[in-house]
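Visitor: Could you choose one part of this model and take me through it closely? I'd like to know who sits where, and what each piece touches.

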Amino acid sequence: MHKFTHALLLGFALAACPCATQAQAAESRPSPLLQRTPVKIAAPDPALKAALDAASRSGLDDLALAGFRNQPLAGWLDYAALRSRFDTLPLARGDAFLAAHANEAVAAAFRSEWLTALARRNEWQAFLANWDAGLDDAALRCLRLQALMAMNRVDAQWRSEAQALWRSSGKSLPSQCDAPFALLAAQGGLTDALRWERFDKAADAAQSGVMRAIARGLPAADVAQANAYAAYLDAPDGSAVAWPRTARSRAVAATALAKLAKASPDQAEALLPPVASALDFSEADSGRVRYQIALWTAASYLPDSARRLANVPASAWDESLHEWQAREAMARSDWASALAAIRRMPDAQRNDSRWLYFAARTSELAGSPADARALYAQAARKADFHGFLAADRLNQPYALCPWQPAILPAAKQAIARDPAIVRALQLFMLDRRGWAVREWNAALARFNDQQRRLAVEVAQDNGWFDRGVFGLVNVAGKSHPEEQQLYLLRFPLHHDASIRREAAHNNLDPAWIAAEIRAESVFDSNARSAADARGLMQVLPSTGAGIAAKIGLPWQGGDSLYDADTNIAIGSAYLRQLMDRYGGKPYQVIAGYNAGPTPLGRWMAQRPAMDADFWIETISYKETRDYVTRVLSFSTLYDWRLNGNALRLSDRLLGTTNGARKGFACPVQAPAKPAPPVAPPQTPARRR
């Protein structure tokens, strides 16, 4: 961690940072070196991996399991062995497992599969005895209803629970629910009102198949209309004008036309007026359709964007539509309209660094440099892509208020000894990620905030770096915004020697390579995506084989990409290849790395001469747009981590690697004077 020290001694006195709360400051008394001693967890028994593999394939007998009984992962090995025997496992053996591992993560994993097996075996009494009221899985809840049926315990409570499951979702429910719902219907518990209630939920979710299934139980007089509703969701046309003028007809038609608008805004716009008139659409009904028409027209940068945006009623606008109105104007280089669109945004949205920056940029281009400077100053207080760009415009240091909590060796050692943390980390070392996350979540549910942060440190000490992403800021539905400042945990750095070597070899910025690794895998060398991209830089085996052959690197198949040095060498060479292909502009290379060559070619052709910041913001794919800004901002932060200062982001995104460098500083708590208002105009939004 010596590189942390170099960066932090350049002026980041953490406890003095005015961005931190008083509580943080109390916990952040810096030591002279601000170094932390890594705490290592004992590696799992080398024989355990083979035992787990054998247990998963064909099971292990109790004698073999006994040899691992005193190890931290004995429960998981037992689980792996027993699950292959669930169809014949003695009930007492299952009970004993749950008793031995009560309140452990492995018990929850075991219980769910054990209950399914007990149902398969018709062991209904045992099923009910092992039931946990905290289970919220629809299939298991329906199996419980089946168990009560088999035990002749169908009563008012059973009926209430079955009805609650019926109305729980408009989407398809698992087949385990078929028998309880059939009995509920036979007993008169599925009334027409209940059927229509779920039908309406299915219609709102555009689930035409569920609608047809529900229609089969409706009175004969209603079946034809219900099926007509379902058919309309699949293929909207003019037939809805003959429907009854009811709230249900309006809801189905609006849902269907809004769905159609995503694929064909023109067709949806043509169908809307006669259908809306015939069914007496409300403003909300029409707005739902016009919203999608405008959104998908603007997102495709089609010529009718401005007119269709103007047709959306004010009540239907949301942040996404406001953003697309601004982007559409930017794509046309209509700076006045873009600025007006930003001014119409809600307060919280237009005061985000992204829109403060673009309000400044468009103000500048529209001839208001003083307003622009004040807005840049406001945006530059944020340590993100647009904040860094704003700081470049003002030629001032980048905003960064790092927070490093006090070093608490005893407390950290206690966390490292926590049995669930030990199990989580050993499972991670064995590449049993799903099980590791179960143990991790179980531990964090017991920890306070300080313990949780220490757990993240321990995880990173042992190579599980992504806990700095998934264990901070937003955890279990609770927000911890102050943890955004835990840059050393949120931006881990590993394999830096390989990164520097391959960067030099390919004439690339090492901070960019580190940022790509952070964005792609969070330094998990065993990462593998659904598309089979592998390793630190998430390289596809086909790409890896081609690059390896080109640079003369030994290749032993796709698994070569799990080797960190190999992956960094191939990924860096691939970035160099893309740089050479696309004219040396990293922001376009990053877009292509994420979206592929076809979309990139389209975006380059559409806006060939557009400034980089506007070009990035007008990328039509949200995932890619966010990816580009994320990688570039990460590059700035990794430059800080590697060197203590940073290349100007405005130079970095254009491919300049030898430009001026700048430092970082924590801004004061409040600006000296308020920025000029970016308030919405008095004119109502619908009249723009």
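Guide: Let's get one term straight: a residue is buried under 20% relative accessible area, exposed over 50%, and partly exposed in between (1.4 Å probe, protein chains only). This is a predicted model, so local features need pLDDT of at least 70, side-chain atom pairs count only at pLDDT 80 or more, and totals for chains, interfaces and linings use all residues. Residues are numbered from 1 along each chain as its sequence is written, and side-chain values use heavy atoms, leaving out hydrogens and water.

Let's use that term straight away on Cys666. Cys666 has a relative accessible area of 25%, which makes it partly exposed. Its partner is Cys401: a disulfide (two cysteine sulfur atoms within 2.5 Å) joins the two, with an S to S distance of 2.0 Å. The torsion about the S-S bond of Cys401 and Cys666 is about 95 degrees, so this disulfide is right-handed. It ties together distant parts of the chain, 265 residues apart: Cys401 sits in the loop between strand S1 (398–399) and helix H25 (409–417), and Cys666 in the segment after strand S6 (664–665). Those labels are DSSP runs numbered from the N terminus: helices are H or I with at least four residues, strands are E with at least two. Unlike its partly exposed partner, Cys401 counts as buried, at 6% relative accessibility.

How many disulfides does the rule give? The count comes to two. The other one joins Cys142 to Cys177, with an S to S distance of 1.9 Å. Its S-S torsion is about 85 degrees, so this disulfide is right-handed as well. Cys142 belongs to helix H9 (residues 138–150), while Cys177 lies in the loop between H10 and helix H11 (178–186); the pair, 35 residues apart, again links distant parts of the chain. Here Cys142 and Cys177 are both buried.

That loop begins after helix H10, so let's stop at one residue there. Gln163 has its place in H10, which covers residues 156–166. With 17% relative accessibility, Gln163 counts as buried. What does Gln163 touch, once residues up to four places away in sequence are set aside? It touches Leu184, Gly189 and Leu194, where contact means heavy atoms within 4.5 Å.

Next stop: helix H16. It has 15 residues (265–279), and at 1.5 Å a residue they should span 21 Å; the end C-alpha atoms are 20 Å apart, which agrees. (The expected span is 1.5 Å times one less than the number of residues.) There is a bend in H16, though, of about 35 degrees at Leu272, with a proline, Pro273, following within four residues. That bend is the angle between axes fitted to the seven residues ending at a residue and the seven starting there.

Which residues of H16 are buried? They are Pro265, Ala268, Glu269, Leu271, Leu272, Val275, Ala276 and Leu279. So Leu272 turns up twice in this story: it marks the bend, and it is buried. The buried residues of H16 pack against four helices, namely H14 (220–234), H15 (247–263), H17 (283–299) and H18 (305–310).

Now look at Ala270, also found in H16. At 55% relative accessibility, Ala270 counts as exposed, while Glu269 and Leu271 are on the buried list. The C-alpha atom of Ala270 is separated by 9.7 Å from that of Gly238, a residue 32 places apart along the chain.

Just after H16 comes Asp280, in the loop between H16 and H17. Its phi is near 60 degrees, a positive value in a residue other than glycine. Asp280 is partly exposed, with a relative accessible area of 46%. Asn507 also has a positive phi without being glycine, near 55 degrees. Asn507 sits in the loop between helix H31 (496–505) and helix H32 (510–520), and at 56% relative accessible area it is exposed.

Finish with helix H26 (residues 419–429). Nine of its eleven residues are buried, so H26 is largely enclosed by the rest of the structure. Among those buried residues are Arg423, Gln426 and Phe428. The buried residues of H26 pack against helix H5 (74–83), H25, helix H27 (433–444) and helix H28 (449–461). And H25 is a label you have met already: the loop holding Cys401 runs between S1 and H25.
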